[in-house]
Amino acid sequence: MKFKSNFKVVAPATIANLGCGLDALGLALESPGDEVFVKPSNKSGIHISSILNNKTKTSLDPNKNAAGISAQLVLDHLKSNFELDPNMGLDLSLNKKVAVGHGLGSSSASAVGGAFAVNEAFGCHLTKRELIPFIIKGEEMAEGQLRINSLIPSLLGGIILTRDHQNLDFHRLPIIKGLYIVVIYARNQILTQKQVRNNLTNKTEISNAIQQSANLGAFVQALYTSNLDLLSRTLTDHIAEKHWSSLIPFFKELKVSALNNGALGSGLAGTGSGVFALCKNSLEAEKVAKAMGEVYTSNKIRNTIIISQIDHEGVKLA
């Protein structure tokens, strides 16, 4: 089987939950994205030679890295089913442009990028959807969880509704033209999945559960009808925000500044320390980003701001 090298794969960051869709909604960002480079190795299996922007010291051990695990699973499958040399080895170089611990789906982007890169290196024998089991296993082994509402948008792009994680029952939703997403996070505030999940109670008041489900249904309706007013009314979290927001410095001030400057809605970005705002166009996104940034800079908090449209394609060659 012919091997292709000298290419770069980019797997986009994601924002999960979007207020009303805890563990159900996710969307892909046009930027940033994790980058993966592949070259042959004289040793069998997957190896990771370097990780740029590795601020959280993600392991280079391919058995402890989501990109390495998913890449190895795809390589094993290709060896078993497509007459690939059983001694074939690959070396991965990663550029972690999706920061860890800020709710941007960093581990999902790694798992998606690793699997897609190996498949690409050997002629794309598997479709994106056929890569899903390997990517899920890679992230599950690295992160100890099975949730696909960040993983699928990074793979396929767009806005994804996940009805059932175990049975891979997910659905692409329409996108209203012109939407922009702003994300801000304090650089020194890194939250792990465990920290965030431990702050979430297993008990939810019935009234909150009813409102959350009503908002999720209305969110879907708003996308299908391009109704920005309705969309804005749905972007409220009645389950997780009251438990998680205390972990994020100046969360209330960030949210208020976004809404006061025209954002359709604002809330927690995934299960990290980031805060997102959804905006109807680029001009409002710039205005919202400036206002949110001033909250942190006025309090001498070093921060990063991302302004992005929704990515339609998912992981791709670049």
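**Pockets, backbone outliers and cysteines**

By class, eight nonpolar, six polar and four charged residues make up the lining of the second largest pocket. The model described here is predicted. This second pocket holds about 350 Å³ of space. It is lined by 18 residues, and those closest to its centre are Lys55, Ala99, Val100, His102 and Tyr185.

The largest pocket encloses about 660 Å³. Its lining counts 37 residues. Closest to the centre are Val100, Ser106, Ser107, Glu143 and Gln193. Three elements each give two or more residues to this lining: α2 (106-121), α3 (128-143) and α5 (193-198). The largest share, four residues, is that of α2. By class, the lining of the largest pocket divides into 20 polar, nine nonpolar and eight charged residues. Val100 is among the residues closest to the centre of the largest pocket, and Val100 is also among those closest to the centre of the second largest pocket.

The backbone was examined next. Most residues other than glycine have a negative phi, and most peptide bonds are trans. One cis peptide bond joins Ser31 to Pro32, with omega at about 0°. Pro32 belongs to strand β2, which spans residues 25-41. Positive phi values occur in Asn17, near 80°, and in Lys300, near 60°. Neither residue is a glycine. Both sit in loops. Asn17 is found between β1 (8-16) and β2. Lys300 is found between α10 (282-297) and β10 (303-309). Their surroundings contrast. Asn17 has a relative accessible area of 6% and is therefore buried, under the 20% limit. Lys300 has a relative accessible area of 79% and is therefore exposed, over the 50% limit.

Cysteines were then considered. A disulfide is a covalent bond between the sulfur atoms of two cysteines. With a cut-off of 2.5 Å between sulfur atoms, the count of disulfides is zero. Cys279 illustrates the result. The cysteine sulfur closest to that of Cys279 belongs to Cys20, 16 Å away, which is too far for a bond. Cys279 is also buried, because its relative accessibility is 0%. Cys124 is partly exposed, with a relative accessibility of 38%. This value lies between the 20% and 50% limits, so Cys124 counts as neither buried nor exposed.

Notes:
Residues numbered from 1 in each chain as written. Predicted model: local features only at pLDDT ≥ 70, side-chain atom pairs only at ≥ 80, totals over all residues. Heavy atoms only, no water. Buried < 20%, exposed > 50% of the residue type's maximum accessible area, 1.4 Å probe, protein only. 1 Å grid on protein atoms, 1.4 Å probe; cavity = no way out; pocket = protein on both sides within 12 Å on 5 of 7 lines; lining within 4 Å. Points joined across faces, edges and corners; volume = space filled by probe spheres on them. Nonpolar A, V, L, I, M, F, W, Y, C, P; charged D, E, K, R; others polar.
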